[in-house]
Amino acid sequence: MDKIQFHNDLKRLIEILPPKIVDALKPYNLDDAIELVLDLGRVGEVRHSDGKTQYLGDGYIEEEDIEYITAKIQPFTNDNRSGIPGTLHRISAIRNRQGKVVGLTCRIGRVVTGTIACIKDFVLQNKSILFLGRPGVGKTTKLREISRLVADELSKRVVVVDTSNEIAGDGDTPHPAIGRARRMQVMQPIYQKDIMIEAVENHTPEVIVVDEIGTEEEAQAARTIAERGVMLIATAHGNTLDNLIKNPILSDLVGGVSSVTLGDDEAKRRGSQKTVLEREKQPTFDIVIEIIDRNTLAVYKNTAEAVDYILRGWPIRPEIRKVDQVYDNKPSNVEEEKKNIVIEDKVKIAEEESLASQKLKFSFSRQEYVKQVKDFKKIYIYAVSRTVLDKVLERLNLQAEITRNIEDADIVIVHKAFAKGGTKILSIANDYKLPIYYVRSNSMSQVQKVVKEALHITDSETLQGYYDDAERALDEAKAAIQKILEGADNIELQPQNQQIRKLQHELVEQHNLSSESVGEGNERRLKIVGGSDFKHAG
């Protein structure tokens with residue numbers, strides 16, 4: 001993997017500063033400084049990447065200091081930005097109501113290389129990629145490095161649409177950081193959408209790079225570019241994919257959202273309300289990458305699928321990648337990908353997802369089971385009770401989970417009575433050569449029997465004898481329930497652990513009876529209410 005390296009032209013920035021500010025800067029280490037703030041009548045500030053601020057002595061910034069700097073740089077554009085030709089430094093102005101410059105923010109530009117090595121395999125897929133993340137987290141840096149990679153190493157025709165010279169620096173000659181990519185400057189931000197279209201129409205690019213898509217018109221221009229077969233690399237306002245979906249202006253980038261009314265059968269099958277949100281069209285970007293921090297990326301390899309999952313409230317697992325780690329190119333064929341994923345990779349991904357989950361605010365389904373898996377299976381169900389199947393998987397501690405996407409499934413379980421209505425599902429399952437199993441009813445025993453058959457397990461293969469203990473305890477509870485229904489008094493069962501007692505409670509509830517846990521410690525057991533107590537409760 002390419003080593004992460006930093007290059008800056010601090011000398012060029014210091015050359016435009018007044019002597020008194022240069023002298024004030026000498027005691028400070030500027031290696032991790034991100035900007036220099038100079039406001040009229042205040043002490044100058046040096047802001048660092050770790051959030052710390054250092055003050056430049058006791059001297060205040062005067063009008064002569066600001067004039068000294070503005071005289072050495074090019075005039076400010078309409079967005080109050082300027083720069084130093086041949087560098088990535090940016091100088092932004094703050095004006096008073098009369099238009100006079102009363103403050104300057106000198107952004108220290110750096111060339112950072114090696115930050116995209118962990119996602120290089122996605123860049124090589126020729127798919128459009130959208131980066132999301134808070135300001136200052138490194139989105140523009142990655143655009144700059146991708147521009148160089150695609151133009152130099154892949155020899156593609158790359159055009160950078162550079163609003164305010166943010167990507168390739170100030171001046172008419174673009175900064176070497178973008179390699180052989182061409183740069184089209186944008187006079188004002190409001191013209192970015194026009195330059196995007198002009199780039200496609202006039203300069204036959206294979207790849208277009210754009211920073212900060214922020215308006216509906218720019219989103220539409222991005223869709224136009226993608227529909228013409230041009231690879232698009234861009235950033236957008238928004239920290240997460242979830243935020244972007246909820247943004248009515250920019251949601252078109254990921255397919256847009258519309259309200260749809262489902263039929264009764266479909267709503268019942270989904271277990272949802274009749275009015276739901278659905279993705280409206282194919283996303284403009286094939287891949288979405290959230291930049292969590294400078295060293296952590298969350299990759300949604302299939303934007304359409306990710307948006308569908310989020311809209312339906314299903315758990316979604318982005319792939320977590322670290323900037324300082326090496327990742328091999330992933331096979332594009334789904335079946336090959338399934339074959340090549342080993343358990344160590346799954347455990348590693350699950351652990352990384354767990355660490356990032358607080359920031360991502362996503363739920364990772366049955367993650368504790370994934371960490372134990374030896375032969376992890378995904379099950380697709382049709383007309384089978386999800387609640388019952390979840391209980392079976394939990395009860396038997398099986399290494400499997402339910403998937404909403406049949407393409408991801410290893411096994412398909414179908415309710416036999418509804419098989420005729422699932423012709424399309426069965427056809428897809430056959431196309432993918434997935435084994436199909438049928439249940440006759442949604443009872444716990446029937447679903448459990450079919451699941452055990454589908455996963456090729458026997459009682460002796462379940463973990464730590466849990467299945468045997470649970471079965472014996474439930475058989476005892478069933479016999480007690482029968483006696484209670486026949487008029488017996490309260491019945492106390494054998495002591496069990498909390499997990500098995502929970503299963504016994506659920507079984508009692510299914511027969512509309514009452515139960516409670518009694519006893520202490522290892523003698524904790526279930527008491528089923530019967531006799532006069534049961535009649536009184538009724």
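Contact here means heavy atoms within 4.5 Å. Keep that cut-off in mind as you work through this predicted model.

**Exercise 1. Work out the order of the four-strand sheet, find its edges, and see which helices lie across it.**

Step 1: Start with the order. The open sheet runs β20-β19-β21-β22, and its pairing is parallel.

Step 2: Look for strands that pair on one side only. Those are β20 (400-402) and β22 (436-439), the edge strands.

Step 3: Check the turn between neighbours. On average, neighbouring strands here are turned by 30° against each other, direction ignored.

Step 4: Zoom in on one pair. Strand β21 (residues 411-415) joins β22 through four bridges, in the parallel sense, and V414 sits opposite Y438 in β22.

Step 5: Add the helices. Helix α15 (residues 423-431) lies across β19, β21 and β22, at about 145° to β22. Helix α14 (residues 386-396) lies across β19 (377-382) and β20, and runs at about 165° to β20.

**Exercise 2. Now take the eight-strand sheet: why is one side of β11 and of β18 left without a neighbour?**

Step 1: Write down the order, β11-β10-β12-β13-β9-β16-β17-β18. This sheet is open too, with mixed pairing.

Step 2: Go to the ends. β11 (182-186) and β18 (319-322) each have a single partner strand, so one side of each has no neighbour in the sheet.

Step 3: Get the twist, which averages 20° from one strand to the next.

Step 4: Place the helix. Helix α5 (residues 139-153) packs on this sheet and touches several strands, including β9, β12 (207-213) and β16. The direction of α5 makes about 175° with that of β12.

Step 5: Pick out an antiparallel pair. β16 and strand β17 (residues 296-300) are linked by five bridges, with E290 opposite A298 in β17.

**Exercise 3. Which backbone nitrogens does the side chain of D293 reach?**

Step 1: Find D293 in strand β16 (residues 287-293).

Step 2: Follow its side chain. A polar atom there lies 2.8 Å from the backbone nitrogen of N295. The D293 side chain also reaches the backbone nitrogen of T296, again at 2.8 Å.

**Exercise 4. Where is the confidence lowest, and where is it highest?**

Step 1: Begin with the whole chain: the average pLDDT is 82, and 84% of the residues score at least 70.

Step 2: Compare the extremes. Helix α13 (residues 367-370) has the lowest mean, 34, while strand β9 (residues 129-132) has the highest, 96.

Step 3: Mark the doubtful stretches. Over residues 352-374 the pLDDT is below 50, and over residues 460-467 it stays under 50.

Key. Residues are numbered from 1 along each chain as its sequence is written. This is a predicted model: local features need pLDDT of at least 70, side-chain atom pairs count only at pLDDT 80 or more; totals for chains, interfaces and linings use all residues. Side-chain values use heavy atoms; hydrogens and water are left out. pLDDT is the predictor's confidence in each residue, from 0 to 100. Helices (H or I, at least four residues) and strands (E, at least two) are DSSP runs, numbered from the N terminus. Two strands pair if DSSP finds at least two bridges between them. Axes are lines fitted to C-alpha atoms, for helices over the stretch in contact, and angles run from 0 to 180 degrees between N-to-C directions. A polar contact is a pair of N or O atoms within 3.5 Å; within protein, one must be able to donate a hydrogen and the other to accept it, and residues adjacent in sequence count only if both atoms are side-chain atoms.
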